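Here are some exercises to work through with the model open in your viewer. Try each task before you read its solution.

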Amino acid sequence: MTDDPAQRDDRWQIRIRGLHKRFAPDAPEVLTGVDLDFERGKVNVVIGGSGQGKSVLIKHVIGLLVPTSGHVWVDGVDVHSLDSTRLAEFRRKFGMVFQTSALFDSLTVEENVAFPLVEHTKYGRHEIRDRVMDKLKVLGLDGAEGKFPGELSGGMRKRVGLARALMLEPEIILYDEPTTGLDPIITENVDNMIIDVAKQFHVTSVVISHDMASVFRIADRIAMIHDGMIEQAGTVDEIRNTSNPYVRKFITTSGVEAAVAA
Amino acid sequence: MSEANQQPARVGFWKAVGDGLSGVFGPVRRGVEGVGVHLVLLAQVFYWGVRRPFRSRLFLDAAEYIGVGSLPIISLVGAFTGAVTALQAVNALRILKAEGFSGSMTGMTLALELAPVLTGLMLAGRVGAGIATEIGTMRITEQIDALETMAVSPIQYLVVPRVVAGTIMAPILSLFFFLIGMVGAYIVAVYVENVDPGSFVENFRWTVDPKHIIQGLIKSVVFGMALTLIGCNQGYHASGGGRGVGLATTRAVVVGSVTILILDYFLSDVLLAVLK
């Protein structure tokens, strides 16, 4: 393990230092100096209330937003030092599952899931169709390939989004609030899916969430963001037994105290 | 009066001057910024337009939406514009007993101004608004972010096909507008206003040169590029949910229409000098 975030580290794949973000000169800072590491091959969860900067943080990791100051290193590469061509190439390490699923309205489920293969591989039409069907079957979506996103339930949309994110076999998957707005049974299915994908494909998962029941089911590590800074980061047990009053309050008011105690 | 008391008064004076100047020059600054933003987007369209992959299906979809989809409205507006232009021309020229010249007057007016400008305005309303709504919705539902995370340039995937299709289809639609307009003009002049068909056609052929039609087509090329670029830009920078998309759509139509009318003057000035 190295302390220099600009060097590739065997344990920490994503390293964030001094990250500040302000959207306009006269606007308040959304991120006020985030220092955080995400562990390779683990499920890393960032928790926090609405408007605390969770989604903004994750969008900096994949280079969708440029920080006001600070750095994000992925395997020792400074994300925001890359030009647009190299950034596009670099993003192929990632898959991202959006809060809204962000499926293309005008494309069918099959075309949505095939999209990364059509854009970035030289596979023939039959090869692409076979791979898409395999992935849809694994995620319990067989039979939905001809439907449009507007015809799908929330849970199905999340699964299609995940299938699309997995097509290029990414090293890192970012999940932006994957269970928001889903009923408890579908939430549990999505949680199991995140765990299965992490184990099956040995990917580093970064999950943004404020659903604590879900967080304790899936997380290997948890970081709490508050007022644009990391309030506390650690293993699941460290967060469960925290003495930090804000983190404790966030967990207990979420109604999972019994689960925590258990 | 002490110096401490004078200081706020001086600051207040200069602040008032600053506010006044910014009030006067603010719209100018925003206008210049707007032009700059569109020129940057145009440069990006050229940059990405010559790079692989070339997505011909996206271009054909956009061409169908802009071209084929606009044909009915262009035909309708073209026919009635030609008809009313001929009606006015015949009645104005009748005073001079020169109704036969209505063919040349209508032809010149349609070829040089009405066909390119009204086609542009129709497209700004239909296509500019449609593009802004579609891309704006993609922006607020994170579909554009999704494209970026999948290492696909949204400019290349969304903007280039639409701008290229608009640039190619606008002059074709404008030519169609002109032809339909002349048919409408002929029907009104000859069958309603009883103008001699021989003198209507002969005066048209004598006055309207290919260079007049080319002048209109060059304008249409620029209008097609401008209105699709404006629609794309407004949608691309939409924010704030459904209301933001609505504002982007409104701005695409308003800015597109005003831009076409402003460009029309300057293009006419240049083309009249060049194609003299």
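Let's start at a turn: in which loop does Pro53(B) sit? Pro53(B) is found in the loop between helix 1 and helix 2 (56-66) of chain B. Helices here are DSSP runs of H or I with at least four residues, strands are E runs of at least two, and both are numbered from the N terminus. Before going on, note that this is a predicted model, where local features need pLDDT of at least 70 and side-chain atom pairs count only at pLDDT 80 or more, while totals for chains, interfaces and linings use all residues. Residues are numbered from 1 along each chain as its sequence is written, and chains are lettered from A and ligands numbered from 1 in the order in which they are written.

**Exercise 1. Find out whether the peptide bond from Arg52(B) to Pro53(B) is cis or trans.**

Step 1: check omega, which is near 0° for this bond. Step 2: read off the result, a cis peptide bond.

**Exercise 2. Look at Glu169(A) and His202(A): where do they lie, and what is phi in each?**

Step 1: locate them. Glu169(A) is in the loop between helix 5 (154-166) and strand 7 (172-176) of chain A. His202(A) is in the loop between helix 6 (184-201) and strand 8 (204-209) of chain A.

Step 2: get the backbone angle. Phi of Glu169(A) is near 50°, a positive value in a residue other than glycine. His202(A), not a glycine either, has a positive phi of about 50°.

Step 3: count neighbours. A residue is buried if 20 or more other C-beta atoms lie within 10 Å of its own, exposed if 12 or fewer, and partly exposed in between, with C-beta atoms placed from the backbone. Glu169(A) has 10 other C-beta atoms within 10 Å, so Glu169(A) is exposed. His202(A) has 10 C-beta neighbours inside 10 Å, so His202(A) counts as exposed.

**Exercise 3. Work out how helix 3 (residues 71-94) and helix 6 (residues 154-192) of chain B are packed.**

Step 1: take the axes, which are lines fitted to C-alpha atoms over the stretch in contact, with angles running from 0 to 180 degrees between N-to-C directions. These two axes come within 7 Å and cross at roughly 45°.

Step 2: name the geometry. Angles under 35 degrees count as roughly parallel, over 145 as roughly antiparallel, 65 to 115 as roughly perpendicular and the rest as oblique. Helix 3 and helix 6 of chain B are therefore oblique to each other.

Step 3: get the hand. A crossing is right-handed if the near helix is turned clockwise from the far one by less than a right angle, and left-handed if anticlockwise. Helix 3 of chain B passes helix 6 of chain B in a right-handed crossing.

Step 4: sort the contact residues. Ala, Val, Leu, Ile, Met, Phe, Trp, Tyr, Cys and Pro count as nonpolar, Asp, Glu, Lys and Arg as charged, and the others, Gly among them, as polar. The contact of helix 3 with helix 6 of chain B then gives 17 nonpolar, seven polar and no charged residues.

**Exercise 4. Do the same for helix 4 (residues 102-140) and helix 8 (residues 210-236) of chain B.**

Step 1: their axes come within 7 Å and cross at roughly 15°. Step 2: that makes helix 4 of chain B roughly parallel to helix 8 of chain B. Step 3: the crossing of helix 4 of chain B past helix 8 of chain B is right-handed. Step 4: the residues of this contact split into 17 nonpolar, 14 polar and three charged.

**Exercise 5. Now chain A: which residues of helix 3 (residues 109-120) meet helix 4 (residues 125-138)?**

Step 1: the axes come within 10 Å and cross at roughly 125°. Step 2: helix 3 and helix 4 of chain A are therefore oblique to each other. Step 3: pick out the contacts, meaning residues whose C-beta atoms, placed from the backbone, lie within 7 Å. Glu110(A), Val113(A), Ala114(A), Leu117(A) and Val118(A) are the helix 3 residues that meet helix 4 of chain A. Step 4: by class, this contact has seven nonpolar, no polar and three charged residues.

**Exercise 6. How many residues of chain B touch chain A?**

Step 1: 11 residues of chain B are in contact with 16 residues of chain A. Step 2: the chain B side has four nonpolar, four polar and three charged residues.

Conventions. Contact = placed C-beta atoms within 7 Å.
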